[in-house]
2 protein chains.
Amino acid sequence: MELSERKKKVLRCVVDLYIRTAEPVGSKAIAALPDMSYSSATIRNEMAELTSLGLLEQPHTSAGRVPSAAGYRLYVDELMEDQRLSLDEARSISSAIDEKLQRVDRMLEKVAKLVSQATELPAISLASRQGQATAQRFDLIRAGDQSVIVVIMLSTEEVVNKLLRLPVAVTEADLKVLAALLNATMTGIPAGDFTGQLLEKVMASAGTAAPLVPVIMDFTAETLRRQGSTNMAIAGQAKLLGLPEYRDVDKAQKVLSSFDEEALRDLPAVMGSESGTKVLVGPENVAQELKDTSVVMTKFDIGEGMQAMIGVVGPTRMDYAKVTARLSYFAESLSKLFSKPEQPQLPEAKTRQEE
Amino acid sequence: MELSERKKKVLRCVVDLYIRTAEPVGSKAIAALPDMSYSSATIRNEMAELTSLGLLEQPHTSAGRVPSAAGYRLYVDELMEDQRLSLDEARSISSAIDEKLQRVDRMLEKVAKLVSQATELPAISLASRQGQATAQRFDLIRAGDQSVIVVIMLSTEEVVNKLLRLPVAVTEADLKVLAALLNATMTGIPAGDFTGQLLEKVMASAGTAAPLVPVIMDFTAETLRRQGSTNMAIAGQAKLLGLPEYRDVDKAQKVLSSFDEEALRDLPAVMGSESGTKVLVGPENVAQELKDTSVVMTKFDIGEGMQAMIGVVGPTRMDYAKVTARLSYFAESLSKLFSKPEQPQLPEAKTRQEE
DNA sequence: CGTTAGCACTCCATCTTCTCGAGTGCTAAG
DNA sequence: CTTAGCACTCGAGAAGATGGAGTGCTAACG
């Protein structure tokens, strides 16, 4: 069923206005809008029909209308004007991103903070790898008589290390042998296959350096497991409380608690595998706690088999246009930043957008 | 001026009760307490005097009494019964800590979460080093024709690494020379001294590997700077909203915002340098936002020149005895865990306490 | 002299009632 | 098809009424 142009226009106005004011909007308010050339009575009729179509709702008789979940859906999918960032905003965002982002988790924190600032809502950022990581190469550095630094290069191109204290002294020669052994036996093996069996096999050939093996294996397995898991960061939680719909402390607490818990872990599942922005409107939502609450998430690739998502959590009436615009811009900038080889730190080329 | 025993007892009861109920306590409630052998009228007299001494306050005539900041102070300093952990609690806490805590920031997150769970309040954990870190040793590992892994061992005994992509190919020999050069010139130097001058000097001697030098120096300086800074983690923010005093959204928001901002950065300064537990009661507090709010922080050493702090933020009427007991226990367990060499992962010896 | 019972008084929290106004749906005229 | 007009609905917020918890004071008690 297709809506008339006028109905669409009215619906759009209702949503826009509701987004701004957070209060039910009446026919008069719509009629007063600058580019609305009908009287409030006409609008009323249209609104009545939109209501019976399930796109608007009335909190009670004689209150204005509020968009229903279906109404938001339609708005997001069809009616929303895709709001470009102004030049200023784009500039300030990209200069913020430019800073060197060292490690993944630091990066996530930073990004979450930026997104939160840009949207004035709580923001989530997460990154995960698809596929199993394996160790690709081991190096052992002798850091003293009784300490060794283990450096492991992973298939994901990430490098991890750990300083080990030993109860016994080891020689350079020991380490050389051990490193060769590790590279021969423990590379290319997914986390799941680090079993007691493998341990025994490796230790048997390890000679004097045998006591080191279990520790290194533990560390490796742990690291690989961690690689598979999802990192995430949240910022700007307090912003939620500034919004009128969360003046109800109970509601706010539910949402905030769902951050603490692992409830958000399965966001990636909900998002599916395609990149792009998804809007989860109110009841369609992931966690039960998040009625009245929408989640907007953008998924994108950051190279090297990693996927990242950024998103915000806010009231269902949040300004979707603004939020999605900002998220897409962030996503784009970030994936550019990451696909670029880290090394030649070229001054960011002209990637600005028109206003 | 010294209070009579009875006054002390009354004061303690008022605070205890207020902690539990979050409501002004009346004379009758105190008199009804099991080990209170006076009538409500007597208690009333005592309370009136305590009020005129500034230790209690009345929200208004004909409401019960509430401890004043000074009252809390006295309570914390003298009256509080130091509440030992029950055996069960101690056991559950130490088993939680036992898990391997890999990196500092992971560790902080985990600890904050645990503390928050144990106290049912928002918790903060932070760690910082005192003194300047320097690089102690450089190793370069060739990871392919055009990539190198830089491994830096710091004076703090932490090891960091970074994978570098190069625009040019390098040989093992190049790297060996460069590593020697780095170890000769860039070790033992604090972050502040990584100047353009040093860069030029090192590059002059670097030969074919010269292009690598600036990147490594950048990374080193950045790392050292980060070492000096304080890491921190916060958990359980949503718990704040469960407390009656923060049903006032504005108040809650102020406190939660102060987490987001860097307001807490100067907590270390306020804490001074001695180890131990400090209670910052309401108005004595750090940030202006935190009126009505107290902060309990415990500072302790975790070896290798690192100091850590754990603490909670909550209403001034929080259960100080419980909170400090738990914090001290955490602090003790953690500093034990860290002072122990990581390697020989002995089954935790008997460090339980009596009930 | 310290302790306690009794009592008048205060003042907040809570509930009820009332009023006001925004917004609606319907009808009839343009 | 659009618009003006009007009676009607209903919630938000103000105003008022009620009850009870808690106080301070006084006087009696051991």
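**Protein–DNA contacts and chain symmetry in a predicted model**

Helix 3 of chain B makes the greatest contribution to the surface near DNA strand C, supplying 4 residues. Here a residue is near a strand if one of its heavy atoms lies within 4 Å of it, and helices are DSSP runs (H or I, at least four residues) numbered from the N terminus, strands being E runs of at least two. The model is predicted, so local features need pLDDT of at least 70 and side-chain atom pairs count only at pLDDT 80 or more, whereas totals for chains, interfaces and linings use all residues. Residues are numbered from 1 along each chain as its sequence is written, chains are lettered from A and ligands numbered from 1 in the order in which they are written, and side-chain values use heavy atoms, with hydrogens and water left out.

DNA strand C has 20 residues around it, of which A:Ser27, A:Arg65, B:Arg6, B:Thr42 and B:Ser62 come nearest. By class, this surface comprises 4 nonpolar, 12 polar and 4 charged residues; Ala, Val, Leu, Ile, Met, Phe, Trp, Tyr, Cys and Pro count as nonpolar, Asp, Glu, Lys and Arg as charged, and the others, Gly among them, as polar. Sugar or phosphate accounts for 76% of the atoms of DNA strand C within 4 Å of the protein, and bases for the rest. Polar contacts (pairs of N or O atoms within 3.5 Å; within protein, one must be able to donate a hydrogen and the other to accept it, and residues adjacent in sequence count only if both atoms are side-chain atoms) involve both parts of the strand. An N or O atom in the side chain of B:Thr42 is 2.6 Å from a phosphate oxygen. A side-chain N or O atom of B:Ser62 is 3.1 Å from a base oxygen of DNA strand C, and one of A:Arg44 is 3.2 Å from a base nitrogen of that strand. The elements giving two or more residues to this surface are helix 3 (40-52) of chain A and helix 3 (40-52) of chain B.

DNA strand D is surrounded by 19 residues, the closest being A:Arg6, A:Thr42, A:Ser62, B:Ser27 and B:Arg65. Of the atoms of DNA strand D that come within 4 Å of the protein, 75% belong to sugar and phosphate. The surrounding residues divide into 4 nonpolar, 11 polar and 4 charged. At this strand, the largest share of the surface, 4 residues, is provided by helix 3 of chain A, and helix 3 of chain A and helix 3 of chain B each supply at least two residues. A phosphate oxygen of DNA strand D lies 3.1 Å from a backbone N or O atom of A:Ser39. Base oxygens of DNA strand D are also contacted: one is 3.0 Å from a polar side-chain atom of A:Ser62, and one is 3.1 Å from a side-chain N or O atom of A:Arg44.

The two protein chains were compared by least-squares superposition on the C-alpha atoms of residues with pLDDT of at least 70 in both. A turn of 180° with a shift of 0.1 Å along the axis lays chain A on chain B with an RMSD of 0.1 Å. This is the relation of a two-fold axis. Within chain A, the residue closest to the rotation axis is A:Val249, at 3.3 Å (C-alpha).

Helix 1 (residues 5-21) of chain A contains 17 residues and should span 24 Å at 1.5 Å a residue, in agreement with the 24 Å between its end C-alpha atoms; the expected span is 1.5 Å times one less than the number of residues. Its buried residues include A:Leu11, A:Val14 and A:Leu17, where buried means under 20% relative accessible area, exposed over 50%, and partly exposed in between (1.4 Å probe, protein chains only). A:Cys13 is likewise buried, at 10% relative accessibility. A:Ala22 follows helix 1 of chain A and lies in the loop between helix 1 and helix 2 (27-31). Its phi is positive, near 65°, although the residue is not glycine. Most residues other than glycine have a negative phi. A:Ala22 is buried, with a relative accessible area of 15%. In chain B, B:Ala22 also has a positive phi, of about 65°, and counts as buried at 16% relative accessibility.
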